[in-house]
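Please open the model in your viewer and keep the sequence panel beside it. The stops below say what to select next and what to look for there.

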Amino acid sequence: MVTGGTDGIGKEYCRELARHGLNIVIISRSLDKLKLVAEELEKDFGIVTSIIQADFTEGTRDLYLNIKEQLGDKEIGILVNNVGVMYDYPSLFLEVPETKIWQCITVNMMSVTMMTYLILPDMVKRRRGLVINMSSTSSFYPLPLMAAYSASKAYVDWFSRALTYEYSSSGIVIQTVLPSYVSTKLTRFSNFLQKPGFIVPDAPTFVRSAIRTVGMTSRTTGYWSHGLQWWFYEQIPESLWNISSWILQKMLDSGKLQEEQEKEKLS
């Protein structure tokens with residue numbers, strides 16, 4: 001089962017797991033995209049897919065009860081908590097739209113918590129299972145200009161680490177993935193981040209790398225250059241992180257936002 005499985009990293013997890021012969025349950029907001037990705041997976045890999053339409057921005061108890069009902073008696077051996085929301089572009093906290101703050105909480109934090117709460121009991125009964133939770137290197141220290149996003153990803157990391165301690169003896173593997181920037185729709189605010197390379201891989205490259213770490217480590221950046229970045233962060237004090245990350249976030253907004261604003265004015 002992969003949440004947010006119709007685009008970017010989530011879609012590539014679907015493809016990599018399907019490549020290994022696993023049937024896939026995809027959860028996402030857009031029914032059209034769900035149908036399209038499901039058809040692609042069945043055609044390319046000959047596996048069986050199921051789709052569940054769900055909008056995690058709702059953040060209600062009924063949302064998860066509905067997912068549970070649609071899931072039925074399917075046995076989920078792997079849960080990939082991938083669905084996530086990021087700022088439209090680096091911003092001071094009070095400049096972020098209120099709806100985006102709510103989404104960072106309800107999507108990034110609540111979905112990981114409640115989807116795990118939904119799926120984990122049967123894994124424990126079977127004494128086997130894998131949960132992959134998508135965090136971020138932005139959780140290493142508090143990240144200026146991405147405050148709510150960074151905090152929400154820190155929650156994912158700490159939550160996953162606690163579950164590892166609680167359930168590893170029950171045969172459950174909980175892995176936290178802490179990537180740096182990956183070239184997906186989430187990073188469309190920056191021209192630089194939209195150009196894949198060895199610093200910023202595209203989603204297929206990243207997932208192929210990250211999935212190889214399953215069973216080897218409970219925490220991974222998923223990609224070699226992201227690992228080097230993490231090592232560098234471990235060498236510097238938080239004060240230097242704050243300064244350097246502030247400058248970096250400002251640099252990443254490489255005129256794309258201004259271009260979009262100009263287009264809106266012209267329209």
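Begin with the second largest pocket, which in this predicted model holds about 280 Å³ of space. Its lining is made up of 14 residues, and the ones to select are Asn 23, Ile 24, Val 25, Glu 75 and Ile 76, since these lie nearest the centre of the pocket. The elements that contribute two or more residues to this lining are β2 (24-28) and β3 (49-53). If you colour the lining of the second largest pocket by class, you should find 8 nonpolar, 4 polar and 2 charged residues.

Select next helix α3, residues 61-71, and display its side chains. Leu 63, Tyr 64, Ile 67 and Leu 71 are the buried residues to pick out here. They lie on the same side of α3, because the arc that they cover around the axis is only 90°. Turn to the face of α3 that points away from this buried side, and you will meet the exposed residues Arg 61, Asp 62 and Glu 69.

Keep Tyr 64 selected and add Phe 56, for the two form a tilted aromatic pair, with 6.1 Å from centre to centre and 45° between the planes. Phe 56 and Tyr 64 are both buried. Over the whole structure, a search finds 10 aromatic pairs.

Another of these pairs is formed by Phe 140 and Tyr 141, which meet edge-to-face at 4.9 Å centre to centre, with 90° between the planes. Is Phe 140 buried or partly exposed? With a relative accessible area of 21%, Phe 140 counts as partly exposed, because the buried class ends under 20%. Extend the selection to Trp 230, Phe 232, Tyr 233 and Trp 241, which together with Phe 140 and Tyr 141 form one aromatic cluster.

From Trp 230 and Tyr 233 the tour passes to helix α7, which runs over residues 224-235. This helix has 12 residues and reaches 17 Å from its first C-alpha to its last, close to the 16 Å expected at 1.5 Å a residue. Within α7, the buried residues are Ser 225, His 226, Gln 229, Trp 230 and Tyr 233. Because these residues cover an arc of only 150° around the axis, they are placed on the same side of α7.

Now select Trp 224 together with Phe 198, which are 26 residues apart in sequence and 8.8 Å apart in space, C-alpha to C-alpha. Phe 198 is located in the loop between β6 (172-177) and α6 (203-211). At 52% relative accessibility, Phe 198 counts as exposed, because that class takes in values over 50%.

The last stops concern the backbone. Most residues other than glycine have a negative phi. Arg 127, although it is not a glycine, has a positive phi of about 60°, and this residue lies in the loop between α4 (98-126) and β5 (129-134). Where should you look for Leu 145? Leu 145 sits in the loop between β5 and α5 (147-167), and although not a glycine, Leu 145 likewise has a positive phi, of about 75°. With a relative accessible area of 6%, Leu 145 is buried.

Note on methods: Residues are numbered from 1 along each chain as its sequence is written. This is a predicted model: local features need pLDDT of at least 70, side-chain atom pairs count only at pLDDT 80 or more; totals for chains, interfaces and linings use all residues. Side-chain values use heavy atoms; hydrogens and water are left out. Helices (H or I, at least four residues) and strands (E, at least two) are DSSP runs, numbered from the N terminus. The expected span of a helix is 1.5 Å times one less than its number of residues. Buried means under 20% relative accessible area, exposed over 50%, partly exposed in between (1.4 Å probe, protein chains only). The arc is that of the directions from the helix axis to the C-beta atoms. On a 1 Å grid over the protein atoms alone, a cavity is a set of points where a 1.4 Å probe fits but cannot get out, and a pocket is an open set with protein on both sides within 12 Å along at least five of seven lines; lining residues have an atom within 4 Å of a point. Grid points are joined across faces, edges and corners, and a volume is the space filled by probe spheres set on the points. Ala, Val, Leu, Ile, Met, Phe, Trp, Tyr, Cys and Pro count as nonpolar, Asp, Glu, Lys and Arg as charged, and the others, Gly among them, as polar. Rings of Phe, Tyr and Trp (its six-membered ring) pair if their centres lie within 6.5 Å; planes under 30 degrees apart count as stacked, over 60 as edge-to-face and the rest as tilted.
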